[in-house]
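Trainee: I have the coordinates open. Take me through how the labels are earned.
Mentor: Gladly. Ask about the terms one at a time.

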Amino acid sequence: MGAEARERPSKTDWYLEEISSQGETSWMIPVDALPFVIGREEKCHLPLKSKWISRSHAQIHAMDDTVWIMDLGSTNGTYVNRKRIDGAEMLKHGDVLRFANRLFRLHKGASSPLGVAGSTAALESEGSPSSRASLESELRQLISQRAVIPYFQPIVSLSDLQVRGYEILGRTRQQSLPANPAELFEIASYAGCASELSALFREEGLRAGRALDDSLKFFVNSCPAELYRLDRLEKSLGALRDIASSRPVVLEVNEKSISGEEDLGRIREILEDLDMGLAYEDFGVGQTRLVELARTPPDFLKFDASIVRNIHLAPPRLHQMVVAFVNAAHDLGISTIAEGIEKQGEVDTCRQLGFEYVQGYLYGRPVALGEMDDGPPPPDECPTKEAR
């Protein structure tokens, strides 16, 4: 790629929004030079510091309102909406692109409230290559030894304030690895083992949870990488049924990690075959796709904590919007859960707005099985958002 290629500005208004291994987004990267090259080398317009990315991995072209992508013979492939491309592929707003183990969503116009990063910003993990390699090695050892601790956070019914289920989370036993699950999944994403880590948290959580009442629902998480290999996800979920044959299990998926209606339908089929439920998490942030919600309704809709937080102090127009979503969900037979509850005022308002369930530090922080009797922490110890 010559210097003159970098200096040619893009005449279009396209952006790439990175999707992390937890389904969260962080930056909008402008496609501000044509062709726009993605790869591991520093001279690329979007340098991605991962050993899974080829030196020159792919390039994006645009002309007026037409945009397309070409794979540059990469080792681990370029994917558009879960399908590996061979040659060039036309793109449209909302397409999900994967370069090896890195996920991005394509946007027409910088409509996202996220910050806009410079196109030459290197998106990489912290630390030197040697330290990252050491962490990857320790993470793989953790997975092979199954050295994780399942954590449980209660989900409470607003009708009687009784615990009806638990969301299964996870922590690591190894002090050299990050305690924050989001950071742990970032390392796993770079190492190409995020799916294995996600499956491990689910399996160990169900094993530990056999000590709890069989009627309680267990909400288990997925990571975006798993949704690109539904055959592997199906096998992993099948293993959960072997562990707990009669336990009510609900799989949580992030709407931003789903590339289309076809994928949602397939996930629903897999879960129905295994007698498991489906929940969409973090609803109300990012791209909320009501058409897909109606065509492939989940069993549960978890409203993001950013909407619920201080909802008792929110203006009436926000309440009206939330009521519209809650009523639409109920009309489709979907149960609604308000996440991030920390204050009694939030509980009272959520009940008035029609929510059926709540989850948050007010009713219980995530704890290991042996710590469930400790109760919630004082209010000043409650974080603003629970990390996964």
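Trainee: How many helices and strands are in the chain?
Mentor: The chain has 10 helices and 20 strands. Keep in mind that this is a predicted model.

Trainee: What makes you trust the chain, or not?
Mentor: Look at the pLDDT, the predictor's confidence in each residue on a scale from 0 to 100. The chain averages 82, and 80% of the residues score at least 70.

Trainee: Where is confidence lowest, and where highest?
Mentor: Helix H1, residues 3-7, is lowest with a mean of 35. Strand S20, residues 357-359, is highest at 98. Residues 1-11 have a pLDDT below 50, and this stretch has 25 contacts in the model beyond near neighbours in sequence. Residues 374-388 also stay under 50. For them the model has 37 contacts beyond four places in sequence.

Trainee: How much of the chain is buried?
Mentor: Of its 388 residues, 55% count as buried. The cut-off for buried is under 20% relative accessible area.

Trainee: Why is Arg241 called buried?
Mentor: Its relative accessibility is 12%. The limit is 20%. Arg241 is under that limit, so it counts as buried.

Trainee: Where is Arg241 found, and what is it in contact with?
Mentor: Arg241 belongs to helix H5, residues 230-243. Beyond four places in sequence, its contacts are Ser246, Arg247, Val249, Leu274, Asp275 and Met276. A contact requires heavy atoms within 4.5 Å. Arg241 and Leu206 are 35 residues apart in sequence, and their C-alpha atoms are 9.4 Å apart in space.

Trainee: Why are H3 and H4 called oblique to each other?
Mentor: Helix H3 (residues 181-191) and helix H4 (residues 194-208) pack at about 135 degrees. Roughly perpendicular ends at 115 degrees, and roughly antiparallel begins over 145. The angle falls in neither class, so H3 and H4 are oblique. Their axes are 7 Å apart.

Trainee: Which residues make that contact?
Mentor: H3 supplies Leu184, Phe185, Ala188 and Ser189. H4 supplies Ala194, Leu197, Ser198 and Phe201.

Trainee: How do the residues of the contact of H3 with H4 divide into nonpolar, polar and charged?
Mentor: There are 6 nonpolar, 2 polar and no charged residues in the contact. Leu, Phe and Ala count as nonpolar.

Trainee: Now the strands. What makes S5 largely enclosed?
Mentor: Strand S5 covers residues 58-63. 5 of its 6 residues are buried, so the rest of the structure largely encloses S5.

Trainee: How do you know which strands S5 is joined to?
Mentor: Two strands pair if there are at least two bridges between them. S3, residues 36-39, has 3 bridges to S5. S6, residues 66-71, has 6 bridges to S5. S3 runs antiparallel to S5, and S6 runs antiparallel to S5 as well. Ile38 stands opposite Ala58 of S5. His61 has Trp68 of S6 as its bridge partner.

Trainee: Which strands form the closed barrel?
Mentor: The barrel has 8 strands, in the order S13-S14-S15-S16-S17-S18-S19-S20, with mixed pairing. On average, neighbouring strands of this sheet are turned by 30 degrees against each other, direction ignored.

Trainee: What makes S15 largely enclosed, and how is it paired?
Mentor: In S15, residues 217-221, 4 of the 5 residues are buried, so it is largely enclosed. S14 (residues 163-172) pairs with S15 in the parallel sense over 3 bridges. S16 (residues 249-254) is joined to S15 by 4 bridges, and they run parallel. Glu167 stands opposite Phe219. Phe218 has Val249 of S16 as its bridge partner.

Trainee: Why is S19 called largely enclosed?
Mentor: 5 of the 5 residues of S19 are buried, so the rest of the structure largely encloses it. Both faces are covered. Ser335, Ile337 and Glu339 are buried on one side, and Thr336 and Ala338 on the other.

Trainee: Which strands is S19 paired with?
Mentor: S18 (residues 300-303) is joined to S19 (residues 335-339) by 4 bridges, running parallel. S20 pairs with S19 in the parallel sense over 3 bridges. Phe303 has Ala338 as its bridge partner. Ile337 stands opposite Tyr357 of S20.

Conventions
Residues are numbered from 1 along each chain as its sequence is written. This is a predicted model: local features need pLDDT of at least 70, side-chain atom pairs count only at pLDDT 80 or more; totals for chains, interfaces and linings use all residues. Side-chain values use heavy atoms; hydrogens and water are left out. Axes are lines fitted to C-alpha atoms, for helices over the stretch in contact, and angles run from 0 to 180 degrees between N-to-C directions. Helices (H or I, at least four residues) and strands (E, at least two) are DSSP runs, numbered from the N terminus. Angles under 35 degrees count as roughly parallel, over 145 as roughly antiparallel, 65 to 115 as roughly perpendicular and the rest as oblique. Buried means under 20% relative accessible area, exposed over 50%, partly exposed in between (1.4 Å probe, protein chains only).
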